[in-house]
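Dear colleague,

Please find below the structure for your files. I would be grateful if you would read the notes beneath alongside the coordinates.

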Amino acid sequence: MTVLDAFKLDEQVAIVTGGNRGIGRAIATALAEAGANVVVASRDQAQAEAAATEIETETGPEALGVACDITDEDAVTAMVEATVERFDGVDVLVNNAGIVVHEAIESMTLAEWNDVIETNLTGAFLCSRAAGQEMMDDGGVILNVSSMSAYIANYPQRQVAYNASKAGLEGFKTQLASEWAEHGIRVNNLAPGYVATDNADQGAQVAENAVEIWTGEMLQDEMATPEMLGPTAVYLASDASAYMTGETVVLDGGYTVR
Ligand code: NDP
């Protein structure tokens, strides 16, 4: 047994919400490369299936695509049931799916606020509750993709609901880690800085120099690629982090320390 064996996920089953594109896709691919069978859960069945097929072809372990809107309680239950039916259990849940609304608070509608909170926070609750019930006997791992936005004010874009939702995920993680420790379920957060995805592209639209402003705050002066998060996700999902729970790993190119 070498140190690298602790990072292996052979025979493990990992659900990644929003695993069809962006950060979720990179995390699902990384977990599969480490040996896990993965379930890609996103809203569109064809996209979820296409991503699962590509991941399976690229990496080797089995992958399943399931249509699931994580704000829909019944859909989440069905997604976890489909996972158990196919793979006989759930070992890892990555609560990655998330949205952002760029709107000043004074003009934000209640519907916009609710959309963000329901997706980023309530969705994590629903998925954790459903997957966690499958982990109660043998333990497991829940990894929430939070954000450095839980700790800082972003600018020039306005996104108060997003930052509130990510700060909520921090409290969620701490309390859940405490409540489920007795079941051998570890709960940690991965908090990225700016990552080049559709989500960040949306933020970059608010000002011509938005990306320049963001990178100006980083010690490593470029945005991350989604693939840069893969190794940390494998660490947090595997026995490499066996003695770690209730924590957050910030991966932001030094943005928050400046
Ligand atoms: P993208 O916009 O590229 O992807 C978002 C993903 O979430 C898609 O797979 C989307 O699936 C899924 N999703 C959204 N809403 C739902 C829903 N209701 N049910 C199921 N799936 C849903 O975003 P990123 O990859 O950038 O973001 C992934 C996570 O990382 C988010 O939680 C985000 O907040 C976080 N993050 C991103 C940062 C960045 O700079 N990009 C920085 C810090 C954190 P669908 O195809 O169905 O729309």
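The notes that follow take up the ligand site, the cysteines, and then several individual residues.

Please bear in mind that this is a predicted model.

**The ligand site**

The ligand occupies the space of the largest pocket. On its own the ligand exposes 890 Å², and the protein buries 95% of that area. There are 29 residues around the ligand, and those that come nearest are Asn20, Arg43, Asn96, Tyr162 and Thr197.

Polar contacts to oxygen atoms of the ligand come from side chains and from the backbone. A polar side-chain atom of Asn20 is placed 2.5 Å from a ligand oxygen, and a polar side-chain atom of Lys166 is 2.9 Å from an oxygen atom of the ligand. Gly98 takes part through the backbone, with an N or O atom 3.4 Å from a ligand oxygen.

Regarding secondary structure, at least two residues of the shell around the ligand are supplied by each of helix 1 (22-33), helix 5 (160-180) and helix 6 (198-204). Helix 6 contributes the most to this shell, namely three residues.

**The cysteines**

How many disulfides does the structure hold? The number is zero. Cys68 is in no disulfide, and the cysteine sulfur nearest to that of Cys68 belongs to Cys127, 5.5 Å away. Cys127 likewise is in no disulfide, its nearest cysteine sulfur being that of Cys68. The criterion for a disulfide is a pair of cysteine sulfur atoms within 2.5 Å, so the separation of 5.5 Å does not qualify. Both residues are in the interior class by accessibility: Cys68 is buried at a relative accessible area of 3%, and Cys127 is buried at 1%.

**The loop between strand 5 and helix 5**

Two residues deserve mention in the loop that runs between strand 5 (140-145) and helix 5, one of them being Arg158. Arg158 is partly exposed, with 48% relative accessible area. Its C-alpha atom lies 7.6 Å from that of Ile105, although the two residues are 53 residues apart along the chain. Pro156 is also located in this loop. The peptide bond that joins Tyr155 and Pro156 is cis, with omega at about 10°.

**Helices 3 and 4**

Thr119 belongs to helix 4 (residues 110-135) and is buried, with a relative accessibility of 13%. The side chain of Thr119 reaches back to the backbone oxygen of Asp115, at a distance of 2.8 Å.

Arg86 is part of helix 3 (residues 73-87) and is partly exposed at 39%. Between Arg86 and Thr59 there are 18 Å from C-alpha to C-alpha, for a sequence separation of 27 residues.

**Positive phi values**

Which residues other than glycine have a positive phi? Glu11 is one of them, with phi near 70°. Glu11 sits in the segment before strand 1 (13-17) and is exposed, at 71% relative accessibility. Asp88 is another, with phi near 75°. The position of Asp88 is in the loop between helix 3 and strand 4 (92-95), where Asp88 is exposed with a relative accessible area of 72%.

With kind regards

Terms used. Residues are numbered from 1 along each chain as its sequence is written. This is a predicted model: local features need pLDDT of at least 70, side-chain atom pairs count only at pLDDT 80 or more; totals for chains, interfaces and linings use all residues. Side-chain values use heavy atoms; hydrogens and water are left out. Buried means under 20% relative accessible area, exposed over 50%, partly exposed in between (1.4 Å probe, protein chains only). A residue is near a molecule or strand if one of its heavy atoms lies within 4 Å of it. A polar contact is a pair of N or O atoms within 3.5 Å; within protein, one must be able to donate a hydrogen and the other to accept it, and residues adjacent in sequence count only if both atoms are side-chain atoms. Accessible areas come from the Shrake-Rupley method with a 1.4 Å probe; for residues, only the protein chains shown count as cover. On a 1 Å grid over the protein atoms alone, a cavity is a set of points where a 1.4 Å probe fits but cannot get out, and a pocket is an open set with protein on both sides within 12 Å along at least five of seven lines; lining residues have an atom within 4 Å of a point. A molecule sits in a cavity or pocket if more than half of its atoms lie within 2 Å of its grid points. Helices (H or I, at least four residues) and strands (E, at least two) are DSSP runs, numbered from the N terminus.
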